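Student: Please take a close look at the salt bridges, saying for each pair where the partners sit and how far they are open to solvent. Then place that part against the strands and the nonpolar packing.

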Amino acid sequence: MRLGPTGPVTAAKCVGVRIPLGAEPQKVIDANPGAKTFCFAKGLHRISQAIRPEAGSTLASSEGAVLTGSVLLSGWRAEGGRWVVRGVLPAAYKLKGKCEDDKTNPCQRGEQLFVDGVQLTRVMSLGELKPGSFYGDYRANAVYVGDDPGGKAVEMSRTRAAIVVSAQDVTVSGLTIEHFASLPQGGALEVGIGWKVIANEVRWNHAVGVMVIEGDRATVSGNTVADNGQLGIGQYHSADVKLTGNLVTRNNTDGFWIADWESGGIKSTRSSGEVSGNDIVANRGIGIWSDIAEYDRRIVGNRIRDNAADGIRYEISYQAVIGQNVVEGNGFGTGRGSGPSLWDGGGINVNTSAGVTVAGNLIKDNRNGIAIQSRTRGDGPRGQYVLKDVVIEANQVVMDEKSASTGVVENKESPVGDGAIRFSRNSYRIGDRQAERFAYRGETMTWEQWQAAGFDKDSVTS
């Protein structure tokens, strides 16, 4: 499985109304009401307010345009072995988001600091300040750094979003979008109904890189989405969306909760559509996560590797095909909720969902192989959330000495019904056939015991 090129180098040539450096893009758009295509000139465009495109329009570049939400900071003063600038922070705003550090919650603040393009680490008190870090004192409206900023470009992300949903059928292509102070669950690039987001690079934004929100029939394809603070791509309440051929990597740079709060590669809620042909690698969280009332979902042909939590998690949802994916080396992150049990997940995790087929995947050297979970989760729009009609077939599962197990776990209030799960025609590599690499109804099992419990009777192991 091989991903093709992604990002602005693959964008088509842009021919249209030119947006020069230094211009306010929205003013150019408003001044040309009959135009449909707007081409950003090569270079750095500082965006002070989100762009609101018109229906059917295109925002693009084939020259290497960078849209940044940052402002340059100057006027630094030395103060007791550190440096400070005052009056640059925004007014107080509502904080939200679950952080890995749930005591001081550093991930909830949107403003990031970059020195010569390198992101600094936020600390939450002046006493913690050291080289390579910064402290934002919002009460005193002061920003401190631990290194002398003299002669360096110091930028702070300030604008919340680059482009927001204002109309249908918009195309965004060939842009680099960086340094936006998007708040948790908010996107630096929002995507609406019928939008096409193709061949962009979206990087170093505080929360979500690309956020499809109530964006039925949108396409997000051929993009590089990297190093965003919370999540690469998000999808909410959007039907028949295609997320295809993207490179989604190294997201969750700002310390959101790795195990269980929308951090990592791709997260989708109350939506449907296809996630295919993506390379989802080294994100600090879940690779692909469908959660809450997902339906008619196809997760096929992706390469999902080295993510800190589950490779794929399908949770309290309905009807899905998870097939022909390579899921490798996931689940070895540390922090709250990380661990080796099947409750902590695996290469592929099906959690209290119905009508799910997991077929034809290579699931190799993950913290666990396939984790099936039954919990008490209430009702959804298509009936009670319950584990049933789950088929696990024709997968190749490799569990080396680092991997724990494959199997089913349940809480007392939600026991797994007979026939709710079928494992068949799978191939396992587990080494020692007497090792307890399987689990069901509170017991760990050898391969023979797993088959005696009714699973994988037509499968093989080595």
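Tutor: One set of cut-offs is needed to begin with: a residue under 20% relative accessible area is buried, one over 50% is exposed, and one in between is partly exposed. The model is predicted.

With that in hand, take the pair E448 and R433. These two residues form a salt bridge whose closest N and O atoms are 3.3 Å apart. E448 belongs to helix α2 (residues 447-452), while R433 is in the loop between β43 (427-429) and β44 (438-440), so the pair links parts of the chain 15 residues apart. R433 has a relative accessibility of 36% and therefore counts as partly exposed. E448, at 33%, is partly exposed because that value also falls between the two cut-offs.

The pair R305 and D279 is another salt bridge, with 3.5 Å between the closest N and O atoms. It joins strand β29 (residues 303-305), which holds R305, to strand β26 (residues 279-281), which holds D279, across 26 residues of sequence. R305 is partly exposed, its relative accessible area being 25%. D279 has 5% relative accessibility, so this partner is buried.

In the salt bridge between K267 and D291, the N to O distance is 3.5 Å. K267 lies in strand β24 (residues 264-269) and D291 in strand β27 (residues 286-291), 24 residues apart. Both K267 and D291 are buried.

These pairs are part of a count of 23 salt bridges. Some residues are joined in a network: D260, D310, R313, E315 and R377 are linked by salt bridges.

Now the strands. Strand β25 (residues 273-276) pairs with strand β28 (residues 297-300) in the parallel sense, over 4 bridges. V275 has I299 of β28 as its bridge partner. β28 also pairs with strand β31 (residues 318-323), again in the parallel sense and over 4 bridges. There, V300 is bridged to G323 of β31.

Next, the nonpolar packing. In soluble globular proteins, nonpolar side chains tend to be buried together. The largest nonpolar core in this model has 69 residues, and those with the most contacts inside it are I163, I177, I372, I421, F423, Y428 and W450. Taking I421 as an example, its contacts beyond four places in sequence are I372, L387, V390, I392, V408, V416 and F455. A second core, separate from that one, has 15 residues, among them V85, Y93, L120 and V143.

One more charged residue deserves a place in the picture. R86 is in strand β7 (residues 82-86), and at 45% relative accessibility it counts as partly exposed. The side chain of R86 makes a polar contact with the side chain of E79 at 3.0 Å. Leaving out residues up to four places away in sequence, R86 touches E79, N141, A142 and Y144. Although R86 and Y144 are 58 residues apart along the chain, their C-alpha atoms are separated by 8.8 Å.

To return to the salt bridges, the three pairs can be set side by side by burial. K267 and D291 are both buried. In the second pair, R305 is partly exposed and D279 is buried. In the third, E448 is partly exposed, and so is R433.

How values were computed:
Residues numbered from 1 in each chain as written. Predicted model: local features only at pLDDT ≥ 70, side-chain atom pairs only at ≥ 80, totals over all residues. Heavy atoms only, no water. Core = buried A, V, L, I, M, F, W, Y, C linked by side-chain atoms within 4.5 Å. Buried < 20%, exposed > 50% of the residue type's maximum accessible area, 1.4 Å probe, protein only. Contact = heavy atoms within 4.5 Å. Pairing = 2+ DSSP bridges. Helix = DSSP H or I, 4+ residues; strand = E, 2+ residues; numbered from the N terminus. Salt bridge = Lys/Arg side-chain N within 4 Å of Asp/Glu carboxyl O. Polar contact = N/O pair within 3.5 Å; in protein donor to acceptor, adjacent residues only side chain to side chain.
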